[in-house]
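Visitor: I should like a close look at a single part of this model, namely its largest pocket, together with its setting in the chain. Please describe its space, its lining and the enclosed spaces elsewhere.

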Amino acid sequence: MATPAIEIEVGGRTVRVSNPDRVYFPEHGWTKHDLVDYYLAVGEPLVNALRERPCMLHRFPKGVGGEKVHQKKVPNGAPPWLETVSVHFPRFDRDVDEVCVTEVAAIIWAVQMSTVEFHPWNSRRGHVEQPDEWRIDLDPGDACDFATVQRVSHVVHGVLDELGATGYPKTSGGSGLHVYVRIPPDHGFDDVRRAALAFAHELERRTDEVTTAWWRKDRDPSHVFVDYNQNARDHTIAAAYSVRGFPDGRVSTPVEWHEIDDLDPHDFTIATVPERLARIGDLHATIDDTPFDIRPLLEWADRDGAGEPAP
């Protein structure tokens with residue numbers, strides 16, 4: 001039998017949450033209500049990660065053990081105060097209104113809609129076609145352990161330092177790591193993806209534990225794939241502080257570079273991240289203060305003569 005709905009007061013708005021006792025994370029028995037409490041605890045830093053960005057929602061209507069729904073279009077019946085952004089999809093020649101989070105209440109509304117993961121674009125609604133975030137995705141192969149990802153992260157850090165770029169690392173919430181770099185919105189997606197590939201090629205030159213091979217069959221499964229294509233238009237990554245759809249309630253969590261050698265991504269969950277945030281603050285709070293011009297990377301791309309990245 002369904003449990004009675006509850007009402008959450010947040011930022012002067014009231015959000016109704018149905019089925020609050022539905023178990024979403026079976027490994028610990030954590031419920032939809034627990035998920036709401038988590039997102040209330042990390043609300044402001046998550047708003048900063050999502051602010052003004054088109055956002056795809058990964059919904060799990062029956063909990064993470066059930067079907068996952070990729071929701072781009074804002075559903076009918078959304079509250080009138082929910083902010084959106086219209087995005088054009090050339091493949092279908094249609095415009096879609098996506099959620100554009102600007103306040104914590106929008107996050108809780110999304111959780112009411114069974115959202116577990118928030119996947120924002122790397123551009124904002126004021127310049128949808130010009131990214132302002134370069135994303136470095138360290139994706140381990142099937143035979144690659146996390147220690148390899150940790151070693152590769154230090155190579156990433158070293159090259160960023162040489163470029164004068166400030167990287168903001170976080171766990172992916174899965175088995176990899178992400179590093180975000182704020183960039184001025186001066187280039188289109190194709191240029192940012194070319195720049196990301198040029199950086200990945202530089203990593204490949206400096207360590208034999210990295211691959212840029214696009215097709216999985218061409219990769220050594222013990223290597224880390226630097227997924228430059230996460231910078232392509234309409235490709236998204238789970239935001240900092242987004243929960244992931246795993247039974248143990250893992251969270252994509254900002255970390256400091258010096259923590260990476262000793263961390264275990266499984267330690268960051270909806271039960272542990274709020275206390276960590278309260279203790280050390282939002283490690284990505286200053287990301288907007290350090291934009292990096294990608295022109296040196298585009299020069300690397302021209303130097304490499306690699307042409308366009310794989311699709």
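Guide: In this predicted model, the largest pocket holds about 370 Å³ of space. Its lining is made up of 20 residues. Those that lie nearest the centre of the pocket are Asp137, Asp139, His178, Asp227 and Gln230. By class, seven of the lining residues are charged, eight are polar and five are nonpolar. Among the secondary-structure elements, strand E10, which spans residues 133–140, gives the most to this lining, with four residues.

Strand E10 also takes part in an enclosed space. The second largest cavity, with about 30 Å³ of space, receives the largest share of its lining, four residues, from E10. Helix H5 (189–206) is, like E10, an element that supplies at least two residues there. The lining of this cavity consists of Trp134, Arg135, Ile136, Asp137, Ala196, Phe199, Val226, Asp227 and Tyr228. Asp137 and Asp227 thus appear in this list and also among the residues nearest the centre of the largest pocket. The class composition of the cavity lining is six nonpolar and three charged residues, with no polar ones.

The count of cavities of 30 Å³ or more comes to two. The largest cavity contains about 40 Å³ of space and is lined by Tyr241, Thr253, Pro254, Val273, Arg276, Leu277, Ile280, Gly281 and Leu283. Six of these residues are nonpolar, two are polar and one is charged.

As to the setting in the chain, the domain assignment gives domain 1 as residues 6–120 and domain 2 as residues 133–234 together with 289–304. The centres of the two domains, taken over C-alpha atoms, are separated by 28 Å. At their interface, seven residues of domain 1 are in contact with five residues of domain 2. The size of an interface is often expressed as the accessible area lost when the parts come together. For domain 1 and domain 2, the buried area is about 430 Å², of which 25% is on carbon and sulfur atoms.

A further division comes from the record: an unreviewed UniProt entry carries the annotation "domain: DNA ligase D polymerase" for residues 31–284. In the model, this span is 28% helix and 20% strand, and its end C-alpha atoms lie 28 Å apart.

Conventions: Residues are numbered from 1 along each chain as its sequence is written. This is a predicted model: local features need pLDDT of at least 70, side-chain atom pairs count only at pLDDT 80 or more; totals for chains, interfaces and linings use all residues. Side-chain values use heavy atoms; hydrogens and water are left out. On a 1 Å grid over the protein atoms alone, a cavity is a set of points where a 1.4 Å probe fits but cannot get out, and a pocket is an open set with protein on both sides within 12 Å along at least five of seven lines; lining residues have an atom within 4 Å of a point. Grid points are joined across faces, edges and corners, and a volume is the space filled by probe spheres set on the points. Ala, Val, Leu, Ile, Met, Phe, Trp, Tyr, Cys and Pro count as nonpolar, Asp, Glu, Lys and Arg as charged, and the others, Gly among them, as polar. UniProt positions are given in the numbering used here, feature names are shortened, and annotations may be inferred rather than shown by experiment. Domain bounds come from an automatic or database domain assignment. Contact means heavy atoms within 4.5 Å. Buried area is the accessible area (1.4 Å probe) that two parts lose on being put together, summed over both.
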